[in-house]
Amino acid sequence: MRRIVVIGQKARASAEFSLIDIAGSSGRLDVLLRCLRAALLVSHGLRSDTVLYLVLLGLPEAPRTLRIEGAIVRFLRPDERTLAVLAQKMLSVPSGGEGFVQLRRGACIADGGLDVVLADLGPSTYYVLEEGATDVRVAALDLERPVFFLGDHLGFDEPTRARLAEMGATPIGIGPTSVQADDAIAILSNEIDRREALKTGAGLAAAGEARK
C-alpha cells in the first residue's frame, strides 16, 4: 500500500467556493483535485493500492483533511468539476469526532492537518518530494509501507518543512525539470509501478527455476 499526502497551503477547508471558478474561489483547491486524479485514477479504473490525503490549510475552518481510498471508493470521475463537487459535499459535513469520519464509501474527513494524518498512517517510511533531491530512479524505496509528502503550487511552508525533517522524511526528486504537483505524482507512481512489476517478475522467475 502506498500513501500520498498533498498539503495545500491556501486550499479552502470549507465548502464555500464556486464550481464555476474553482481556481479563483477555493485557494487553488483545483491543484489538489488534479493531484487526486493523478494519484488514484488510471485508464478505466482506480488504483486499489493507493490512499490519498489532501491537507487543507486555507481559511475558514482550517485545518481539515480529506482521505480518499482507491480500493473502496466508488463513482470517482476524472473531470475536475466532478471531483470538486465531491470535495464540496465532503467539506459541507462536520467531521463530528476525533480522527477520520467516513462520509461515503472510501471518502473520509477529519478536523486537523498533518498531525491527524500521521496518527492515521501508523508505522511507515516517509519520503518528501523536493527539487534537486536524489532522483527516484536511483533512490532506495520501501515498497511495503511508503508515504510520500508533497506541497501544492506553493510548496511547503517552513513549519511543515521542519516537521517533515524532524520525522526523518527522506528527500527524493522526480527529475531535472520542475513539474506540476499532479505530474510529479504520475511520475512517482509510474516508477513504483515499474519496481513492483520487476519485483513480481523476479519472484515468478525464481519460482519457475525452483520447479525445474
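For the pocket exercise below, Ala, Val, Leu, Ile, Met, Phe, Trp, Tyr, Cys and Pro count as nonpolar, Asp, Glu, Lys and Arg as charged, and the others, Gly among them, as polar. Keep in mind that the structure above is a predicted model.

**Exercise 1: The largest pocket**

Task: Work out how the lining of the largest pocket divides by class, and find which residues are the closest to its centre.

Solution:
- Start with the space itself: the largest pocket holds about 430 Å³.
- Next, look to its centre. The lining has 22 residues, and Leu 129, Glu 130, Glu 131, Ser 178 and Val 179 are the closest to the centre.
- Now sort the lining by class: nine residues are nonpolar, nine are polar and four are charged.
- Finally, trace the lining back to the fold. Strand S9 and helix H6 (181-211) each give at least two residues to it.

**Exercise 2: A strand and its partners**

Task: Take strand S8 (residues 125-129) and decide whether it is mostly covered or uncovered; then find the strands that pair with S8.

Solution:
- Check burial residue by residue: four of the five residues in S8 are buried, so the strand is mostly covered.
- Turn to strand S9 (residues 146-151). Four bridges connect it to S8 in the parallel sense. Within this pairing, Thr 125 has Pro 146 as its bridge partner.
- Move on to strand S10 (residues 170-172), which runs parallel to S8 and is joined to it by three bridges. Here Leu 129 is matched with Ile 172.
- Link this back to Exercise 1: Leu 129 is also among the residues closest to the centre of the largest pocket.

**Exercise 3: Two cysteines**

Task: Explain why Cys 108 is not bonded to Cys 35.

Solution:
- Begin with the whole structure, where a search finds zero disulfides.
- Cys 35 is in no disulfide, and the nearest cysteine sulfur to its own belongs to Cys 108.
- Compare the distance with the cut-off. A disulfide needs two sulfur atoms within 2.5 Å. The sulfur of Cys 108 lies 19 Å from that of Cys 35, so the two are too far apart for a bond.
- Add the surroundings: Cys 35 is buried at 0% relative accessible area, and Cys 108 is buried at 2%.

**Exercise 4: Salt bridges within and across helices**

Task: For three of the salt bridges, find which parts of the chain each one links.

Solution:
- Recall the principle: side chains of opposite charge can pair when their charged atoms come close. The whole structure has 18 salt bridges.
- Take Arg 2 and Asp 193, whose closest N and O atoms are 3.1 Å apart. Arg 2 sits in strand S1 (residues 2-12) and Asp 193 in helix H6, so this pair ties together parts 191 residues apart in sequence. Arg 2 is buried at 2% relative accessible area, whereas Asp 193 is partly exposed at 27%.
- Take Glu 80 and Arg 34 next, with 3.0 Å between their closest N and O atoms. This pair links helix H3 (residues 80-91), home of Glu 80, to helix H2 (residues 29-40), home of Arg 34, across 46 residues. Glu 80 is partly exposed at 25% relative accessibility, and Arg 34 is partly exposed at 21%.
- End with Glu 191 and Arg 195, where the closest N and O atoms are 3.0 Å apart. Both residues lie in helix H6, four residues apart, about one turn of the helix. Glu 191 is buried at 11% relative accessible area, and Arg 195 is buried at 18%.
- One last step widens the view: through shared partners, salt bridges join Arg 2, Arg 47, Asp 49, Asp 193 and Glu 196 into one network.

How values were computed: Residues are numbered from 1 along each chain as its sequence is written. This is a predicted model: local features need pLDDT of at least 70, side-chain atom pairs count only at pLDDT 80 or more; totals for chains, interfaces and linings use all residues. Side-chain values use heavy atoms; hydrogens and water are left out. Buried means under 20% relative accessible area, exposed over 50%, partly exposed in between (1.4 Å probe, protein chains only). Two strands pair if DSSP finds at least two bridges between them. On a 1 Å grid over the protein atoms alone, a cavity is a set of points where a 1.4 Å probe fits but cannot get out, and a pocket is an open set with protein on both sides within 12 Å along at least five of seven lines; lining residues have an atom within 4 Å of a point. Grid points are joined across faces, edges and corners, and a volume is the space filled by probe spheres set on the points. A salt bridge is a side-chain nitrogen of Lys or Arg within 4 Å of a carboxyl oxygen of Asp or Glu.
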